[in-house]
Structure formats: C-alpha cells, structure tokens
Amino acid sequence: MQLQSLRNLNFSTLAQGYCDRFYDIQATQRVGTVVEQYFQGTSLTFAIQDGPEAGQTVKHVHVHVLPRKAGDFSRNDSIYDELQKHDKEEDSPASWRSEEEMAAEAAVLRVYFP
C-alpha cells in the first residue's frame with residue numbers, strides 16, 4: 001500500500017494489516033539519528049508536506065530529515081522556505097542528483113545501519 005496522505009493513516013488502517021506504517025515512523029527516527037550524527041547536527045527538522053497546498057510535490061507520503069546546527073539559518077523557520085525552493089528546483093530533471101550520486105551517498109550511510 002502506498003500512502004498518498006498522512007491523514008489516511010489511522011489506527012483503523014493499521015489494524016487492517018498496514019502495520020508497516022508504524023515501522024516507517026521508527027525507521028524515520030532511526031534515519032534521523034544517523035543523519036544527525038553523520039552530518040554533525042545538534043538537532044533535526046522532520047518535514048512532512050501532506051497535500052499540494054502544504055508543498056507536497058510527489059503523490060506519496062515521505063519525510064524530509066534535515067540535520068540542523070545552531071545558527072544554520074538567521075531565522076530558524078527559514079528552513080521551510082529553503083525546502084519549498086528546493087522542491088520547486090527538483091521539478092527540473094537537470095537539477096536532480098544522479099543515480100550514481102545517490103548510490104554513493106547510500107553506500108557511505110549504509111554502514112550506520114547494521
């Protein structure tokens with residue numbers, strides 16, 4: 001099951017056999033811990049854009065895990081402006097990271113997930 005909206009995730013849905021969504025939350029927490037350590041962050045921003053008016057640009061639920069450091073933005077909430085700008089840039093295939101770049105990053109981070 002591909003969840004298109006976070007609002008669709010409820011206990012009834014979980015009870016119907018979609019318990020993997022609970023594990024998605026645990027996986028997000030685990031990824032956050034690794035990303036924070038690897039990129040030497042001191043905090044994390046988790047961003048879920050649920051619906052087009054909230055900035056969701058792809059039709060499935062996903063979580064942005066962003067490592068943060070003191071002073072990384074002069075205004076703390078500017079992270080959301082940057083995320084929105086990034087999502088608009090992502091609409092252009094010319095700005096997408098290559099499969100090779102993503103595979104290389106995944107290989108580096110994989111050692112943190114025994």
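In the predicted model, Q40 is exposed, with a relative accessible area of 61%. Q40 sits in the loop that joins helix 2 (20-38) to strand 1. Its backbone is marked by a positive phi, near 55 degrees, although Q40 is not a glycine. Most residues other than glycine have a negative phi.

The protein chain contains 4 helices and 2 strands. Read from the N terminus, these elements follow the order α-α-β-β-α-α. Of the 114 residues in the protein chain, 22% are buried. Among contacts with a separation of 6 or more, 51% join residues that are 24 or more positions apart. The accessible surface amounts to about 8,400 Å², and carbon and sulfur atoms contribute 54% of this area.

Part of the surface is a nonpolar patch of about 440 Å², formed by Y38, F39, V108, V111 and Y112. Within this group, V111 belongs to the segment that follows helix 4 (99-110). V111 has a relative accessibility of 64% and therefore counts as exposed, the cut-off for that class being over 50%.

Strand 1 includes T45, a residue that counts as buried because its relative accessibility is 9%, where buried means under 20%. Leaving aside residues up to four places away in sequence, T45 is in contact with H64, V65, L66, R68, I79 and Y80. With one of these residues, R68, there is also a polar contact between side chains, at 2.9 Å. R68 is likewise classed as buried, at 7% relative accessibility.

R68 also takes part in a salt bridge with D72, in which the closest N and O atoms are 2.7 Å apart. The side chain of R68 is thus described by two interactions, the polar contact with the side chain of T45 and the salt bridge with D72. The two partners in the salt bridge fall into separate accessibility classes: R68 is buried at 7%, whereas D72 is partly exposed at 32%.

The structure holds 3 salt bridges. Side chains of opposite charge can pair when their charged atoms come close. Besides the pair formed by D72 and R68, a salt bridge links D81 and R75, with an N to O distance of 3.6 Å. Both of these residues are partly exposed, D81 with a relative accessible area of 43% and R75 with 48%. A further salt bridge is formed by E105 and R97, whose closest N and O atoms are separated by 2.8 Å. E105 counts as partly exposed at 31% relative accessibility, and R97 is also partly exposed, at 44%.

The loop between strand 1 (43-47) and strand 2 (64-68) contains Q56. Q56 has a relative accessible area of 13% and is therefore buried, since the buried class covers values under 20%. The C-alpha atom of Q56 lies 9.2 Å from that of Q84, although 28 residues separate the two along the chain.

H62 is placed in the loop between strand 1 and strand 2 as well. In contrast to Q56, which is buried at 13%, H62 is partly exposed, with a relative accessible area of 26%. When residues up to four places away in sequence are not counted, H62 touches A47 and I48. H62 is also 9.5 Å from T28, C-alpha to C-alpha, at a sequence separation of 34 residues.

Taken by position, the residues described for the loops vary in accessibility. Q40, in the loop between helix 2 and strand 1, is exposed at 61%. In the loop between strand 1 and strand 2, Q56 is buried at 13%, and H62 is partly exposed at 26%.

Note on methods. Residues are numbered from 1 along each chain as its sequence is written. This is a predicted model: local features need pLDDT of at least 70, side-chain atom pairs count only at pLDDT 80 or more; totals for chains, interfaces and linings use all residues. Side-chain values use heavy atoms; hydrogens and water are left out. Buried means under 20% relative accessible area, exposed over 50%, partly exposed in between (1.4 Å probe, protein chains only). Contact means heavy atoms within 4.5 Å. Accessible areas come from the Shrake-Rupley method with a 1.4 Å probe; for residues, only the protein chains shown count as cover. Patches are made of residues with over 30% relative accessible area and no salt bridge: like charges are joined within 9 Å, nonpolar side chains (Val, Leu, Ile, Met, Phe, Trp, Tyr) within 5 Å. A salt bridge is a side-chain nitrogen of Lys or Arg within 4 Å of a carboxyl oxygen of Asp or Glu. A polar contact is a pair of N or O atoms within 3.5 Å; within protein, one must be able to donate a hydrogen and the other to accept it, and residues adjacent in sequence count only if both atoms are side-chain atoms.
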